[in-house]
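The following exercises concern the confidence, the interface and the salt bridges of a complex. Each task is followed by a worked solution.

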Amino acid sequence: MRKFFVLTLILFSVLPCRPQNALPKPDGFINDYANTLAPDEKEALESLAASIEKETSAEISTAIINSLEGKNLEDYALEIFNGWGVGKKGKDNGVLILVSISDRQMRIEVGYGLESVLPDAVCGRIIRNVMAPQFREGNYYRGIYEAITAMGETIKGEPPASATSNTDSIKFIGFLAVWHAFLILFSFLLFHIAGVIIYFAAVTPLVLTALASENGSQYQAAMGLLAVVPFFIVFFMGMAAPFIFGILSWRLKKKYKKSWKEHIPSYLKKPMSRSGFSGSSRGGGRGGSFGGGSSGGGGASGSW
Amino acid sequence: MKKGYIVFLVAVAILFSAYQAFKFQYNRLVLLDQKVQESWSQIENVLQRRNDLIPNLVETVKGYAKHEKELFLEVTEARSRWAGAKTVKEKEAAAGGISGVLSRLLLVAENYPELKASGNFLSLQDELAGAENRIAVERKRYNESVNGYNSIAKSFPAILFVRLFKFDGEKEYFQSVEGSSIPPAVQF
């Protein structure tokens, strides 16, 4: 049993590791590596991008760098875009505004899912008519703010992209099945049949909600709860186990004097190590703040 | 009796691992081959996307520059060459031809300030630059997948499978064609 815990611990501690690369790490939607924006300006842009994401699920991110250091603007924009994974996975509805201050160059990189909404000509127009004139005056904040607003309006005007692709949800259901099998095993180990009954009592309403849900967001919420709620139930069962067994053994001791131990199944006699729980909650977590979208080089470039 | 049982088990284990090794090699080749084909069709997609812009561009330029008849003829020829191209090499050459006439078409606009300033032309220029960029991206991805395939297909255990099952011994790279790597939106 202990080996098993150690194995799961190792497994979960290895999972979040990602290969390192030279790309700067994103911190929110607005990443100002050249320090051109004042803190309150960055705040305003951040909340603007967040409100667009909330409404349309499209992720409009911005990267301002000092210099391309000889790299090609288009290549670097694509590298950042796919490296950060701007946009939701499966929908690829991300936009990256890359501004290089000293090169006086900029690019709007558009993810696959938004290419029909924001064709290159529209991006080019935003660069020429909105961003470049402001940038020429040194108003980087205004230029970016108006560009994000314009793109947000365009995206809002379009019907929302269809929900996540089928393979994704199948993968997620597979993950849920394994996860629940795991948790059922734990609850069985903790409380035997009673644990399994408690488990199903908690999970069944959620499954029913998911099955009866009428729209996608309801379904997604139920599925999300299905992934999280059982974990807490098993966790609390695990926390409660020592107390309940303490009371139980105390009362049994009173009743049976010293022979009570023979009435308890052998797997409950050893105290359980519960170190496995703290590690396993990290499963399924995301590294960055973006959803994992990708781009094939759509968008437009410009200079000022 | 017990000895026979052990021999049987060992034989089964050896057969199973041989099967696994075979399966791994074969499936890896199939997967890499599939990836090359997939990225090739992506290239064709983006090249087609650029070609679809040509009629619109020609119409726009015609509106301002009527007497560039030779150039318009060349555009038509380049397009029909593309339509007739079959192999990777032929398509590479045809795409290069189209890149050439496109950049000349855009260069012509320099002589016609009204054309250059028209919103339609600017939009087309953006679309063309985008198309060129997509071609560059997909070309890079295609060449990466070709590289992945070739390096496996030419090395030892896999080469046996290549010969045995008639996989392509070597996939062709898609070379950068002169002119196509320069987005046409540059300032002349």
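pLDDT is the predictor's confidence in each residue, on a scale from 0 to 100. The structure is a predicted model, in which local features need pLDDT of at least 70 and side-chain atom pairs count only at pLDDT 80 or more, while totals for chains, interfaces and linings use all residues; side-chain values use heavy atoms, with hydrogens and water left out. Residues are numbered from 1 along each chain as its sequence is written, with chains lettered from A and ligands numbered from 1 in the order in which they are written.

**Exercise 1. Assess the confidence of chain B and of the complex.**

Step 1. The average pLDDT of chain B is 84, and 93% of the residues score at least 70.
Step 2. Residues 179-188 of chain B have a pLDDT below 50; this stretch makes 17 contacts in the model beyond near neighbours in sequence, a contact being heavy atoms within 4.5 Å.
Step 3. Where pLDDT is low, the predicted coordinates should not be read in detail.
Step 4. For the complex, the predictor gives an ipTM of 0.73 and a pTM of 0.61.

**Exercise 2. Describe the interface of chain A and chain B.**

Step 1. Chain A contributes 17 residues to the contact and chain B contributes 12 residues.
Step 2. The two chains bury about 1100 Å² between them, 37% of it on carbon and sulfur atoms. Buried area is the accessible area (1.4 Å probe) that two parts lose on being put together, summed over both.
Step 3. Of the area that chain A buries against chain B, 39% is supplied by Asp120(A), Ala121(A) and Arg128(A), more than by any other three residues.
Step 4. The rule finds four salt bridges across this interface, where a salt bridge is a side-chain nitrogen of Lys or Arg within 4 Å of a carboxyl oxygen of Asp or Glu. Glu115(A) and Arg134(B) meet in a salt bridge through their side chains (3.4 Å, N to O).
Step 5. Helix H3 (73-84), helix H4 (120-136) and strand E5 (298-303) of chain A are the elements that give two or more residues to the side of chain A that touches chain B. Helices (H or I, at least four residues) and strands (E, at least two) are DSSP runs, numbered from the N terminus. H4(A) provides the largest share of that side, five residues.

**Exercise 3. Analyse two salt bridges within chain A.**

Step 1. In the bridge between Lys42(A) and Glu46(A), the closest N and O atoms are 3.5 Å apart. About one helical turn separates the two residues, because they are four residues apart in helix H2 (residues 39-56) of chain A.
Step 2. Lys42(A) is partly exposed at 27% relative accessibility, and Glu46(A) is buried at 19% relative accessible area. Buried means under 20% relative accessible area, exposed over 50%, and partly exposed in between (1.4 Å probe, protein chains only).
Step 3. Lys88(A) and Glu59(A) form a salt bridge, with the closest N and O atoms 2.5 Å apart. Lys88(A) lies in the loop between H3 and strand E3 (94-100) of chain A and Glu59(A) in strand E2 (residues 59-65) of chain A, so the pair ties together parts 29 residues apart in sequence.
Step 4. Lys88(A) is partly exposed, with a relative accessible area of 21%, whereas Glu59(A) is buried, with 1%.

**Exercise 4. Locate a salt bridge within chain B.**

Step 1. Glu132(B) and Arg50(B) form a side-chain salt bridge (3.1 Å, N to O).
Step 2. This pair links distant parts of the chain: Glu132(B) is in helix H5 (residues 119-153) of chain B and Arg50(B) in helix H1 (residues 2-64) of chain B, 82 residues apart.
Step 3. Both Glu132(B) and Arg50(B) are buried.
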